[in-house]
Amino acid sequence: MIDIANAFILLSNFVLIPAVTYGAQLALGALGITLIYAILRFANFAHGDTMAFGTMVAIFLTWGMQALGWSLGGLPVALLSLPFAILATVALVIGTDKLVYKYFREKRVDPVIFVMASVGVMFMMNGLVRIFIGTGDINFADGSRFLIRAREFRDMTGLDEGLALRTAQVITIVVAVAVMAGLFWFLQKTRTGKSMRAFSDNEDLALLSGIKPERVVMVTWIIAGALATIAGVLYGLDKGFRPFTYFQLLLPMFAAAILGGIGQPIGAVVGGFVIAFSEVGLTYAYRRVLDYLGPEAWEPDGLYQLLETEYKFAVSFLLLVIVLLVRPTGIFRGRIV
Amino acid sequence: MSLLAANNMRGGYGAADILQDCTISCDRGEVAVIVGPNGAGKSTAIKAIFGMMNLREGEVSFGGKTLNGMPPQARVEAGMGMVPQTNNVFPGMTVEENLEMGAFLRDDGGAGVIEKVYELFPAVYEKRNQHAGELSGGQRQQVAVGRAMMTEPSLLILDEPTAGVSPIVMDELFDRILEIAKTGVAILMVEQNARQALEIADTGYVLVQGQNRYTDTGAALLADQEVRATFLGGDQS
C-alpha cells in the first residue's frame, strides 16, 4: 500500500504536475494560434516570438517594480506587470496587423503568403527581443519559490517520496483555468464572441449578416496578444526566460493546435495537454516507479526511459506527423483552409 | 412604382456581359420568380440586384432610391434579405445562434423577431439548440430563410431555395414563403423547379441568355403553350 502511495507521489512530482503545468502553458499558446487561424486563416509563425516579446516587457517592468521595492508577498511581482505587458503586446500585434497583414488582406492573397509574411514578422520580433534583452537565460520569478517543499511533504506524510509544488506551477494552473474559462464564456455567450465564431464558420454569410470584418480581426489580435503574453510569462516564471526557447515552443504549440483540430479552441486546450503529457511521459525514467510497484526480485536494472529528454521535441514532431497522416482534421475536426 | 425595380441591367464578371438588358421588378406582398435554362443569368440577375456584382448599364432602385454601387451589407441595412444557394448557414453554431447572427445589425438583438421566425418554422424551433451543420437539407434551408428574416427585410431574395430537397420539403418551403409574402414582404426567387415555382408566383420572369423572354403572371406562363413546351418540360398537365 505504502509502495503504491510512494509510486503515485513520485509520478505526480515528476510527471503529473509538470505535465499539467506545461500543458496549460502550451494550451494558452495554442489557443492564440488557433484563433488567428480561425479568423485570419493563416498559421501565425510569429506567435512564439510574440510570447517572447510580451514576456520581455513583463521582465523589464518586473525589474522596475523590484527596483522600487514592490513585492506581492509570496507571489512573483511579474503578475503585477502582466496587465501592462499585455497592453504593450496588443499594441505590437495590432501595429503589425496594420503595417503588414492588412495590406495582404485587402489584396486577398493566398494563405501561404500570409504565412510567409508571418515568418518575416517572426524574424523582426525575434530581433527586437534580442536587441533589448539579449539572448541569455533570465530568471525573473521572485516571491517564495515553493508552496510545498519535498522535505516538508515527507515529514508531513511519512512517505519516502516527497512532493514539491512550486508557486509558479500553481499560478500557471490557476491563471490558465481562469483565462480559458473567460475565453470560452466570451466566445459562447457574448455578441462579439459569437460574431467571431460566425466569421470563422462562414465568412461570406458573416459579411451578409452585417458583421464587420475589421472589428473581428481587431478583437482577435487583442485576444491573441493577451494569450501570448500570459502564456509567455507563465512559462517564464515556471522554467525561466530565454528567447530561443520561446521560438522553439512554436513546434509543440502548433502540434497542439493541429492535433486538437486547428481553428477549434477546445481542440487547442486538449491538444496542449496531450502534447505535454506525451513529452513528459515519454521522456521520464520510470525505473523508481517500477521499483515501488514490482516485486523486489523484479527490480529493474535499466532506467526504463523511452526517450532521452533531448528528444522531447521529437515527440511533438512525431505526434504532428501521425495526426497529419491519420486524421488531418485533428480530434475536434478543425478546418483546413 | 414597385418596391424593387431593376431596369435594363447589363453586366457580367469578365469582358462578356451575362445580363443583356434584363428587367425585374417586385412589389410588397408579391412573389416574383425567375426561371430559365441553365446559364440564363438567373443567379447573376439577383446578384446584381443585391450588389454582389457591378452593373455596366441599368439601374436598381429599391423603395424609390437608386442603389447602384451600394455594397451588399448596406443593402441589408436598407431592407433587403438574401438567402444564398449554398453555404447559407453557420454550420458550427446552433440554430438559435444562426438566427441571432442574422439579427447582428439590429440594435435590439432581434428578441421579438426570433419568436416570429419560430412561429413560422416550428421545425427550426425544435432544433434551436442543435448545430446548423447537423440538420437535413430542408431544415437547413428553413434556418437559412429564418436567418435572413431576422432583419425583417421588405424584400427577401432567395437563390434556388429548393435545390436538392425532396418534393415534400419543397412544397412545405413554398408554403412558408407564401406565408412570408402574406405579411407584406416582397419575395424574389430564382428557381430550377420552374413549374412548382410558377404555381405560387404572382409574376414570373423567363430569362434566356440574360434577356427577358417572357414576363407574365405565374398562371399565365403556366398556361402558355410555348413556355410549357420550351421551358417546362413538355405538355404535362
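The exchange below concerns a predicted model with chains A and B.

Biologist: How many residues of chain B are in contact with chain A, and which elements of chain B give two or more residues to that side?

Modeller: On chain A, 13 residues take part, and they meet 17 residues of chain B. By type, the chain B side divides into nine nonpolar, five polar and three charged residues. The elements giving two or more residues to this side are α2 (72–78) and α3 (95–102) of chain B.

Biologist: In chain A, which elements do the buried residues of helix α11 pack against?

Modeller: Helix α11 spans residues 250–260 of chain A, and 10 of its 11 residues are buried. Among them are L250(A), M253(A), F254(A), I258(A) and L259(A). Just after α11(A), G261(A) has a positive phi of about 115°. The buried residues of α11(A) pack against α1 (2–40), α2 (47–67), α10 (243–248), α12 (265–283) and α14 (312–326) of chain A.

Biologist: Which residues of β3(B) point one way, and which the other way?

Modeller: Strand β3 covers residues 31–35 of chain B, and five of its five residues are buried. One way point V31(B), V33(B) and V35(B); the other way point A32(B) and I34(B).

Biologist: What is the bridge partner of A32(B) in β9(B)?

Modeller: β3(B) pairs with strand β8 (residues 186–190) of chain B in the parallel sense over four bridges, and there A32(B) stands opposite L188(B). Four bridges also join β3(B) to strand β9 (residues 203–208) of chain B, again running parallel. In β9(B), the bridge partner of A32(B) is T203(B).

Key: Residues numbered from 1 in each chain as written. Chains lettered and ligands numbered in written order. Predicted model: local features only at pLDDT ≥ 70, side-chain atom pairs only at ≥ 80, totals over all residues. Contact = placed C-beta atoms within 7 Å. Nonpolar A, V, L, I, M, F, W, Y, C, P; charged D, E, K, R; others polar. Buried ≥ 20, exposed ≤ 12 C-beta atoms within 10 Å, placed from the backbone. Pairing = 2+ DSSP bridges.
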